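Colleague: Could you take a close look at one part of this model for me, and then walk me outwards into whatever surrounds that part?

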Amino acid sequence: MDDDLISSLTRQIREDIVQNYLTERRLIRLQIEDIENQAEGTRIQAHRTGKRLNRLVHVMIHQEMVKKLHALLKVPEPSFWNDCSHEKFSRGVRFIRVRALTNKGKFRKLVSEAYQRLYRRMEKYREAYDELEGQCRAVNSNIKQFQQNFDLLGMLSFLKSLDTGSLEKKHFLGENFTAEELASVDQTLYIGPIRFETLQVPAPLTLPKPEAVEFSLTELANEVYRKYQKYVQRLLE
C-alpha cells in the first residue's frame, strides 16, 4: 500500500513538472512569435529603405554612374541593397522637388537631398535592426535558462513510459497526445534557440554621413549632368 502511494505521488509530481514545463514552453513560444512578427515588420522597413536607395540610383541615369555611386557608398555586390538598386523605380516613392536658378543647380540639390533622405531612413532602419537583434538575444537567453531549469530527458523518459491510452486521456501540450505524436514526442517538446540569420533581415548599410560625401556627390552629380544632360532635363520636368 505504501509503495502504491509513493508510486502515485511520484507519478503526480512528474506530471506536475511536465505541466510546468509546458506552461513555460508556451510562454517561450509566444516570445518567439513576437520576434517573428517583429522580423516581418523589420523586413518591410528594409524594403522601404531600399526604395530610397533605388530613387537615388534612378537619378544617376546610366549604369556607369550607378557603379560610381555604389563604389562611393560601398554597396556590396551581391546584397539585398544591390538588388534594390536594380529594381524598377517605384512611383510609390515620392519624387523630390527642389528649387534652383539653373537645371544643373537643381540636379545637384536633387542628388544631395535624395542621399540625405536615404541616410536618415537607413539610420532609422539600423535602429529597428539593432532592436530586433537585441530582442533575439534576450529570447535566446530565456530559452537557454528555460532548458537549464528542466530535465528534458527525464520528462521524455516519463512520457514514453506511459501507455498510449494514458497519454490520450491527459492534456499535455494543450491537447491530447496521439500514438503518432508519442513517436516524435522529443521533437514536439524540444525548443531550440532562434538563429538570427533565418529571420532573413538584411543588415543595414553603413553609409557615410552626408557632410562627409557632400563634395564627392556634387562631383558625381556634375558628371552625370555633363554626360547625360538631355536625360537629366527630362527627369527634372
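Modeller: Happy to. A helix here is a DSSP run of H or I that is at least four residues in length, and helices are numbered from the N terminus. Please keep in mind that this is a predicted model. The part I would pick is α2, which covers residues 63-73. Right after α2 comes Lys-74, with a positive phi near 55°.

Now look at how the side chains of α2 are placed. Met-65, Val-66, Leu-69, His-70 and Leu-73 are buried. Because these five cover an arc of only 145° around the axis, they sit on the same side of α2. The other side of the helix has Lys-67 and Ala-71, both exposed. To count as buried, a residue must have under 20% relative accessible area, and to count as exposed, over 50%.

What does Met-60 touch, once neighbours within four places in sequence are left aside? Three of its contacts are buried residues of α2, namely Met-65, Val-66 and Leu-69. Met-60 is also in contact with Val-111, Leu-220 and Val-224. Val-111 belongs to α4, residues 103-149, while Leu-220 and Val-224 lie in α9, residues 210-227.

Met-60 takes us to the largest nonpolar core, which has 51 residues. Along with Leu-56, Phe-107 and Tyr-115, Met-60 is among those with the most contacts inside this core. Our helix contributes too: α1 (2-58), α2, α4, α9 and α10 (229-236) each supply at least two of the core residues. The biggest share comes from α4, which gives 15. As a general background, nonpolar side chains in soluble globular proteins tend to be buried together.

From α4 we can move on to the aromatic rings. Counting two rings as a pair when their centres lie within 6.5 Å, there are five aromatic pairs. In one of them, Trp-81 and Tyr-125 have ring centres 5.7 Å apart and planes at 75°; the angle is over 60, so this pair is edge-to-face. It joins distant parts of the chain, since Trp-81 is in α3 (residues 80-85) and Tyr-125 is in α4, 44 residues apart. Both Trp-81 and Tyr-125 are buried.

Another pair is Tyr-129 with Phe-196, where the centres are 5.5 Å apart and the planes stand at 90°, so these rings are edge-to-face as well. Tyr-129 is again in α4, whereas Phe-196 lies in the loop between α8 (185-189) and α9; 67 residues separate them. Tyr-129 and Phe-196 are both buried. Together with Phe-80, the four residues of these two pairs make up one aromatic cluster.

You may also want to know about the cysteines. Cys-84 is buried at 2% relative accessible area, and Cys-136 is buried at 3%. Across the whole structure, zero disulfides are found.

Finally, here is the wider setting. The protein has ten helices and two strands, and the order from the N terminus is α-α-α-α-α-α-β-β-α-α-α-α. Of its 237 residues, 39% are buried. Among contacts between residues at least 6 apart in sequence, 81% join residues at least 24 apart. The accessible surface comes to about 14500 Å², and carbon and sulfur atoms account for 48% of that.

Note on methods:
Residues numbered from 1 in each chain as written. Predicted model: local features only at pLDDT ≥ 70, side-chain atom pairs only at ≥ 80, totals over all residues. Heavy atoms only, no water. Phe/Tyr/Trp six-rings, centres within 6.5 Å; stacked < 30°, edge-to-face > 60°. Buried < 20%, exposed > 50% of the residue type's maximum accessible area, 1.4 Å probe, protein only. Arc of directions from axis to C-beta. Core = buried A, V, L, I, M, F, W, Y, C linked by side-chain atoms within 4.5 Å. Contact = heavy atoms within 4.5 Å. Disulfide = S-S within 2.5 Å. Areas by Shrake-Rupley, 256 points an atom, 1.4 Å probe, with all protein chains shown as cover.
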